[in-house]
Amino acid sequence: MGELSVNLCGIELSNPVIPASGTFGYGYEYAELYDINELGTFSFKGTTKDSRFGNPTPRIAECTAGMINAVGLQNPGVEKVISEELPKLKKCFHKPVMANVSGFSVEDYAYTCQMLDKEEQVGWLEVNVSCPNVHGGGMSFGTDPKAAAEVTRAVKAVTTKPVIIKLSPNVTDIVSIARSCEDAGADGISLINTMLGMRIDLRKRKPVIANKMGGFSGSAIFPVAVRMVYQVANAVKIPVVGMGGVSSAEDVIEIMLAGATAVEVGAANLVNPYICRDIIRDLPEVMTKYRINSLKEIIGGAK
């Protein structure tokens, strides 16, 4: 059997498969379906300094080979995540978890990361500067190299754990932003977040979702993800976490060949809640098919 383990920013993972933030809650609901300790880790729901109700409904629109969402970072706020969500998670998940953080100011990001950095369960801080469906934060930082670097420096100044900056694909030059984050001290880069999309109801002649536009995800964006992971992995020296339309063990292999050390699975979790477990179980057979002995050996292997 092939070796599935990888090392992400100094922390060993039993396999590279990670449910993406916003598609796996805080883990314990999925733990009712299967043993989530089979996962490499998971990135929990995007957490902000203060509680958020999120965007008005409707928030979801179906598309060919994907979906659009504009949930708007609904979450109970960092203090309740620490006091209520993490204790429930601890009962069913016994590995380091990835904390996904969003903010509306540099100070917000720093405060929330500093709080979560103190939690024993948190292994990595995934700092989301790429959310396309909230106003006044998220993507406004991720589309400008200087702003992304400013967030990175502020978070690194108050934390001790690996900081992975999550980038937006809704930019002209993602490489320059990734390099700015690396120069500012980022320990890793994750990409891509959702693309900006929209659907219109033909009968009502109005946008389907209340926010008008939202994050387009699903298998349709996979080729874009592979391209951007390849570009960034060849431009930086820090690890890359790849995501965007991943829905099979073959997709995991492909995006790792592009340069990803670990791989997040997002929209596919909402279609099949067992998808990450199934991908992990399928990986040994796919590795045998393509004569892969160790996943560590194929990272960035496509030249």
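**A four-stranded sheet, two pockets and the salt bridges**

In this predicted model, glutamate 62 stands opposite methionine 67, a residue of strand S5. The strands S4 and S5 run antiparallel and are joined by 4 bridges. Between S4 and S5, which together form a hairpin, there are 2 residues, and alanine 65 in the turn has a positive phi of about 60°.

The hairpin strands belong to a wider arrangement, an open sheet of 4 strands in the order S4-S5-S13-S10, in which the pairing is antiparallel. At the edges are strand S4, covering residues 60–63, and strand S10, covering residues 195–197, each of which pairs on one side only. When direction is ignored, neighbouring strands of this sheet are turned by 35° against each other on average. As a general point for reading such a sheet, the side chains in a regular strand alternate between the two faces.

Strand S13 can be followed through its pairing with S5 and with S10. S5 and S13 run antiparallel and are joined by 3 bridges, and asparagine 69 stands opposite glycine 215 of S13. The pairing of S13, which spans residues 214–217, with S10 is also antiparallel and extends over 3 bridges. Here leucine 196 is the residue that stands opposite glycine 215 in S13. Glycine 215 is therefore a residue of S13 that has asparagine 69 opposite it in one pairing and leucine 196 opposite it in another.

The empty space around the protein atoms was examined next. Rolling a probe the size of a water molecule over the atoms shows where such space is left. The largest pocket has a volume of about 600 Å³. It is lined by 32 residues, of which Ser21, Gly22, Thr23, Asn69 and Thr194 are the closest to its centre. When the lining of the largest pocket is divided by residue type, 13 residues are nonpolar, 16 are polar and 3 are charged. Asn69, which was described above as standing opposite glycine 215, is thus also among the residues closest to the centre of the largest pocket.

The second largest pocket has a volume of about 200 Å³. Its lining consists of 14 residues, and those closest to the centre are Gly218, Ser219, Ala267, Ala268 and Val271. Two elements, strand S5 (66–69) and helix H8 (268–271), give two or more residues to the lining of this second largest pocket. The largest share of that lining, 3 residues, comes from H8. By residue type, the lining of the second largest pocket divides into 8 nonpolar and 6 polar residues, with no charged residues.

Attention then turned to contacts between charged side chains. Side chains of opposite charge can pair when their charged atoms come close. The count for this model comes to 4 salt bridges. In one of them, the side chains of glutamate 38 and arginine 281 meet with a distance of 2.8 Å from N to O. This pair links distant parts of the chain, since glutamate 38 lies in the loop between strand S3 (17–19) and S4, whereas arginine 281 lies in helix H9 (residues 275–289), 243 residues apart. Glutamate 38 is partly exposed, with a relative accessible area of 24%, and arginine 281 is also partly exposed, with a value of 49%.

A second salt bridge joins aspartate 187 to lysine 156, and the closest N and O atoms of this pair are 2.8 Å apart. Distant parts of the chain are again linked, with aspartate 187 in the loop between helix H5 (174–183) and strand S9 (188–191) and lysine 156 in helix H4 (residues 145–156), 31 residues apart. Aspartate 187 counts as partly exposed at a relative accessible area of 25%, and lysine 156 counts as partly exposed at 26%.

A further salt bridge is formed by arginine 277 and aspartate 278, whose closest N and O atoms are 3.0 Å apart. Arginine 277 has a relative accessibility of 17% and therefore counts as buried, because the cut-off for this class is under 20%. Aspartate 278, at 25% relative accessibility, counts as partly exposed.

Finally, isoleucine 279 lies in helix H9, and its relative accessible area of 2% places isoleucine 279 in the buried class. Isoleucine 279 and isoleucine 200 are 79 residues apart in sequence, and their C-alpha atoms are 34 Å apart in space.

Terms used:
Residues are numbered from 1 along each chain as its sequence is written. This is a predicted model: local features need pLDDT of at least 70, side-chain atom pairs count only at pLDDT 80 or more; totals for chains, interfaces and linings use all residues. Side-chain values use heavy atoms; hydrogens and water are left out. On a 1 Å grid over the protein atoms alone, a cavity is a set of points where a 1.4 Å probe fits but cannot get out, and a pocket is an open set with protein on both sides within 12 Å along at least five of seven lines; lining residues have an atom within 4 Å of a point. Grid points are joined across faces, edges and corners, and a volume is the space filled by probe spheres set on the points. Ala, Val, Leu, Ile, Met, Phe, Trp, Tyr, Cys and Pro count as nonpolar, Asp, Glu, Lys and Arg as charged, and the others, Gly among them, as polar. Two strands pair if DSSP finds at least two bridges between them. Axes are lines fitted to C-alpha atoms, for helices over the stretch in contact, and angles run from 0 to 180 degrees between N-to-C directions. Buried means under 20% relative accessible area, exposed over 50%, partly exposed in between (1.4 Å probe, protein chains only).
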